[in-house]
Amino acid sequence: MKLRRWRRPVRFGSLRTTTPVSDRWGWDRGTPIDRRYIDAFLDEHRRDIRGHVLEIRDRRYTERFGSGVVQSDVLDVDATNADATIVADLTATEGLPENRFDCFILAQTLQYIYDLEAAVAGAKRLLRPGGVVLATVPAVSRVARSAGVVGDYWRLTTASCGRLFSDAFGEKHVDVRAYGNVLTGVAFLMGLAAEDLADDELRKDDDFFPVLIAVRASKP
Ligand SMILES: C[S@@+](CC[C@H](N)C(=O)[O-])C[C@H]1O[C@@H](n2cnc3c(N)ncnc32)[C@H](O)[C@@H]1O
């Protein structure tokens with residue numbers, strides 16, 4: 001005899017829509033959920049953000065989380081970025097400064113770079129021995145309008161980030177952490193903000209439903 005299994009009723013409410021609640025990652029509602037996780041990661045690693053610090057596109061995280069920063073630089077491949085002190089492609093490894101930085105904040109950039117191995121090799125080259133890269137990448141995210149459907153390449157996992165950075169830096173120099181859960185993933189895709197959720201909902205991390213992957217790797 002076949003047993004009939006009843007589905008638990010689900011009320012989608014205002015989430016029963018094929019367009020997101022916000023088309024701007026939730027910036028128009030509050031703090032985007034991935035940014036809350038990036039803040040938590042960088043807050044945890046404040047002690048690494050010191051000395052000569054490099055960041056991509058702007059100095060927002062260097063200024064918020066750095067202490068004992070003696071010099072701050074900004075790298076961008078985009079030559080029109082007025083904040084960039086170094087205009088360079090992270091994948092053009094040979095052209096990058098070598099052994100220069102104590103810390104490299106590489107937030108939300110690797111997903112836009114097709115050649116991930118070259119970009120991680122570039123990050124390593126930029127660091128002094130003992131220097132640290134703090135990188136974040138999406139595990140779940142909408143496609144960025146700024147990059148377009150042809151420029152937003154990757155969503156990563158704990159495993160792929162672990163391999164990618166361990167191959168370059170050595171396994172014992174790499175820590176990988178996943179933030180998020182199924183609720184925050186759905187909310188992030190819908191464009192809800194961190195303020196739409198409760199703190200305990202945001203703080204629950206489920207390794208099987210990551211939203212953001214964060215990597216700390218130190219150059220031997
Ligand atoms: C979304 S921003 C990420 C950094 C920003 N601080 C943040 O937290 O969102 C992505 C930046 O990466 C830059 N970028 C993309 N590909 C690059 C590459 N191959 N080398 C260097 N910068 C690159 C883009 O021009 C852009 O300024």
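This is a short tour of a predicted model, from the whole chain to its ligand.

Before clicking, note that residues are numbered from 1 along each chain as its sequence is written. Local features need pLDDT of at least 70, side-chain atom pairs count only at pLDDT 80 or more, totals for chains, interfaces and linings use all residues, and side-chain values use heavy atoms, leaving out hydrogens and water.

**Whole protein.** Switch to cartoon view and you will find six helices and seven strands (DSSP runs: H or I of at least four residues for helices, E of at least two for strands, numbered from the N terminus). Tracing from the N terminus, the order is α-β-α-β-β-β-α-β-α-β-α-α-β. The radius of gyration, taken over C-alpha atoms, is 19 Å, close to the 17 Å that the globule rule gives for 220 residues, so the protein is as compact as a globular protein of that length. That rule is 2.2 Å times the number of residues to the power 0.38.

**Ligand shell.** Now select the residues with a heavy atom within 4 Å of the ligand. There are 18 around it, and Arg35, Ile56, Asp76, Asp89 and Leu90 come nearest. The shell divides into nine nonpolar, two polar and seven charged residues (nonpolar: Ala, Val, Leu, Ile, Met, Phe, Trp, Tyr, Cys and Pro; charged: Asp, Glu, Lys and Arg; polar: the others, Gly among them).

**Polar contacts.** Next, show N or O pairs within 3.5 Å. Which residue offers a side-chain N or O atom 2.8 Å from a ligand oxygen? That is Arg35. For Ile56, a backbone N or O atom lies 2.9 Å from a ligand nitrogen. Finish at Val77, where a polar backbone atom is 3.4 Å from a nitrogen of the ligand.

Key:
A polar contact is a pair of N or O atoms within 3.5 Å; within protein, one must be able to donate a hydrogen and the other to accept it, and residues adjacent in sequence count only if both atoms are side-chain atoms.
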